[in-house]
Amino acid sequence: MMRKWLGGCFGLAVLLIASSAAAEDLTECRRGYQALITNQLDLAIASYGRCIETGNLTQQRRAFAHYRRALAHARKTDLEPAIADMDQALRLSPDDPTFLLARGVFHQGNLAYDRAIADLTRTLRLAPKSVRAYYHRGLAYHGAGQIDNAIADYDQALRLGPKLADVYSARGLAYAQKGMTEKANADFDHALRLDPNNITAQTIRGKAHRQQGSYALAIVSFTQILRRDPQNTAALYNRGLAYAESGEHDKAIADYTETLRLRPNDAEVYYSRAVALVVIGQTDRALADYDQAIRLAPKNAKAYAGRAAILVLLVQYDRAIADCNRAIEIDPNNAEAYTNRGKAYRGKGQHKLAIADYTQAIRLNPKGAEAYFERGLAYAWMNGSEEAERDLDRSIALATPDQPRISVAMACGYLALYGRATLAVRYCRVAIRTDRATYLVDAYAFALWQQGDRDAAREELQKAHQAAPDEEGYAPDKRLAQYKTLLAQGLLDAHGYPTGGADGAVGPKTEAAVRAFQKDNGLEVDGKVTDELLKALKDTRPSQPI
């Protein structure tokens with residue numbers, strides 16, 4: 001998996017494009033330049049701001065003032081204002097290759113790869129022998145997943161500048177992603193021969209280990225770098241990614257947190273920490289991190305799609321749909337955004353719209369287990385049993401160990417709550433052959449109860465209760481008495497009336513959901529779970545396969 005692997009290269013890029021021109025004649029511009037070259041970035045930004053506001057600059061000087069203020073913003077990793085300044089510089093001097101190169105690199109760092117490629121291509125038309133433009137366009141192609149184009153640009157950069165260790169390292173990573181291990185290792189070795197102490201080369205080699213799934217080797221590589229340079233944020237961040245990919249999410253979060261202490265305006269690190277926090281169930285912290293990632297990089301489609309997933313969990317379906325719409329607007333090929341919008345439509349009871357989104361997600365990512373699983377459940381609700389089985393079986397075959405919610409057991413539970421007892425029984429029987437966990441036996445008994453086999457349901461619950469007598473909630477008589485409410489909750493949720501979770505107890509949220517359904521369907525509004533309510537819930541389900 002590739003996240004912001006070029007993060008280490010981006011900091012270098014800002015240094016590569018820094019101007020070596022003489023200090024400005026005007027006092028504020030001169031002060032800004034001196035602050036920039038001594039890395040007093042806030043002073044540089046303020047001084048260039050005053051310089052620009054005087055209105056006494058020539059057009060070219062004004063353009064350079066915007067350019068140098070952009071460099072200061074970029075070194076602070078504040079890329080949005082950096083890009084805004086470069087927009088101004090290019091309005092004043094539209095064919096300046098230095099300005100185009102700078103804006104292209106900033107777009108690259110902001111993950112706007114298409115825009116980066118466009119700017120860097122224009123740079124090369126104006127300066128066809130620019131090693132930096134080929135290198136950074138290669139990085140942009142690389143980030144966009146266009147690996148062959150990236151390698152072609154790295155090749156051209158090395159023809160023009162054959163002693164650039166960082167370019168060999170970047171090409172080595174591209175080769176590693178294509179599975180060309182021998183060529184990758186040759187490039188890494190060449191980079192380190194050119195510069196044995198090149199931490200960037202060592203970092204990218206560690207990233208290659210990650211790409212190859214050798215997470216332990218990657219962690220060792222990054223740890224060695226951090227022993228030499230404890231504040232190396234590229235190594236910290238990438239070690240965090242390696243920890244996350246190996247399932248050590250607490251360690252990943254610790255590395256992301258330290259990275260953010262050193263690099264507080266990095267949207268991608270906030271995004272990665274949010275992903276890890278979701279895995280360990282800290283959704284409130286994850287939501288805050290997604291908010292921060294979006295504030296820092298408003299055009300990061302992944303962050304909108306990730307935040308939408310949490311909003312679905314929080315039953316904020318309209319907000320989730322809005323976030324997915326924004327993600328799709330930014331990146332029409334974002335499969336996660338379609339999947340999460342499908343979940344939000346499902347929560348609103350709009351299953352046909354959900355199926356359309358899951359189908360698009362599958363077109364974009366045919367190996368996406370989650371979209372198949374969700375579409376299978378939607379088909380089950382819409383009474384398409386064959387389609388449901390096909391999709392659920394496909395999702396289970398594709399699921400990886402880090403996707404525990406996609407399993408035979410989860411299909412058993414969801415189908416039972418949807419009132420599709422025949423399908424539920426099939427998956428539950430498969431699940432309990434190898435796992436007699438109480439919750440699974442309960443789901444199986446629930447499905448049997450829906451089929452009218454109360455004695456078989458009681459027998460299954462009795463076995464489970466004898467195996468785990470401390471779990472009083474599953475005592476047969478008590479649990480059987482809850483099944484009517486449990487089924488009502490499952491059906492209400494599927495109809496788009498949120499109950500706050502199916503637990504078999506009528507709490508305030510369930511009562512509110514019952515009242516809303518009763519009102520919308522011409523029933524007596526009393527908030528009670530009755531046989532009349534269950535009949536209405538079942539009768540208003542889709543009866544014909546879609």
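What share of the contacts in the chain with a separation of 6 or more comes from residues 24 or more positions apart? Such residues account for 51% of those contacts, where contact means heavy atoms within 4.5 Å.

The structure is a predicted model, in which local features need pLDDT of at least 70 and side-chain atom pairs count only at pLDDT 80 or more, while totals for chains, interfaces and linings use all residues. Residues are numbered from 1 along each chain as its sequence is written, and side-chain values use heavy atoms, with hydrogens and water left out.

## Overall build

The chain has 30 helices and zero strands. Helices (H or I, at least four residues) and strands (E, at least two) are DSSP runs, numbered from the N terminus. The C-alpha trace spans about 90 × 55 × 40 Å along its principal axes. The chain counts 546 residues, and 54% of them are buried. Here buried means under 20% relative accessible area, exposed means over 50%, and partly exposed lies in between (1.4 Å probe, protein chains only).

About 23,600 Å² of the chain is exposed, and carbon and sulfur atoms supply 49% of that area. These areas come from the Shrake-Rupley method with a 1.4 Å probe; for residues, only the protein chains shown count as cover. The chain carries 71 positive and 65 negative charges, and their mean positions are 5 Å apart. Lys and Arg count as positive and Asp and Glu as negative, with His and the chain ends not counted. Each charge is placed at NZ of Lys, CZ of Arg, CG of Asp or CD of Glu.

## Nonpolar cores

In soluble globular proteins, nonpolar side chains tend to be buried together. A nonpolar core is a set of buried Ala, Val, Leu, Ile, Met, Phe, Trp, Tyr and Cys residues joined through side-chain atoms within 4.5 Å. The largest one in this chain has 112 residues, and those that touch the most other members are Tyr256, Leu415, Tyr427, Tyr483, Phe517, Leu533 and Leu537. Helix H22 (residues 369–381) gives this core its largest share, nine residues.

Tyrosine 427 shows what surrounds one such member. Beyond its neighbours within four places in sequence, tyrosine 427 is in contact with Glu389, Leu392, Asp393, Ile396, Val408, Ala411, Cys412 and Leu415. Apart from the largest core lies another, of 36 residues, including Leu111, Leu124, Tyr134 and Ala150.

## Salt bridges

The structure holds 37 salt bridges. Each is a side-chain nitrogen of Lys or Arg within 4 Å of a carboxyl oxygen of Asp or Glu. Three pairs are set out below.

| Pair | N to O distance |
|---|---|
| Aspartate 87 and arginine 103 | 2.9 Å |
| Arginine 390 and aspartate 391 | 3.5 Å |
| Arginine 436 and glutamate 460 | 3.1 Å |

Aspartate 87 forms a salt bridge with arginine 103. Aspartate 87 lies in helix H5 (residues 79–92) and arginine 103 in helix H6 (residues 97–109), so the pair ties together parts 16 residues apart in sequence. Aspartate 87 is partly exposed, at 24% relative accessible area, and arginine 103 is buried, at 15%.

Arginine 390 is partly exposed, with a relative accessible area of 47%, whereas its partner aspartate 391 is buried, at 1%.

Arginine 436 and glutamate 460 also meet in a salt bridge. This pair links distant parts of the chain, 24 residues apart: arginine 436 sits in the loop between helix H25 (421–434) and helix H26 (438–450), and glutamate 460 in helix H27 (residues 454–467). Arginine 436 is partly exposed, with a relative accessible area of 42%, and glutamate 460 counts as buried at 10% relative accessibility.

Elsewhere, a network of salt bridges links Glu28, Arg31 and Arg50.

## Individual residues

Threonine 485 belongs to helix H28 (residues 476–495) and counts as buried, at 12% relative accessibility. Leaving aside neighbours within four places in sequence, threonine 485 is in contact with Gly504, Ala505, Val506 and Val529.

Two loop residues have a positive phi although neither is a glycine. For threonine 77 the angle is about 60°, and this residue is found in the loop between helix H4 (59–75) and H5. For leucine 111 the angle is about 65°; leucine 111 is in the loop between H6 and helix H7 (113–126), and is also listed in the core of 36 residues.

Alanine 186 is placed in helix H11 (residues 181–194) and is partly exposed, with a relative accessible area of 41%. Alanine 186 and tyrosine 175 are eleven residues apart in sequence, and their C-alpha atoms are 10.0 Å apart in space.
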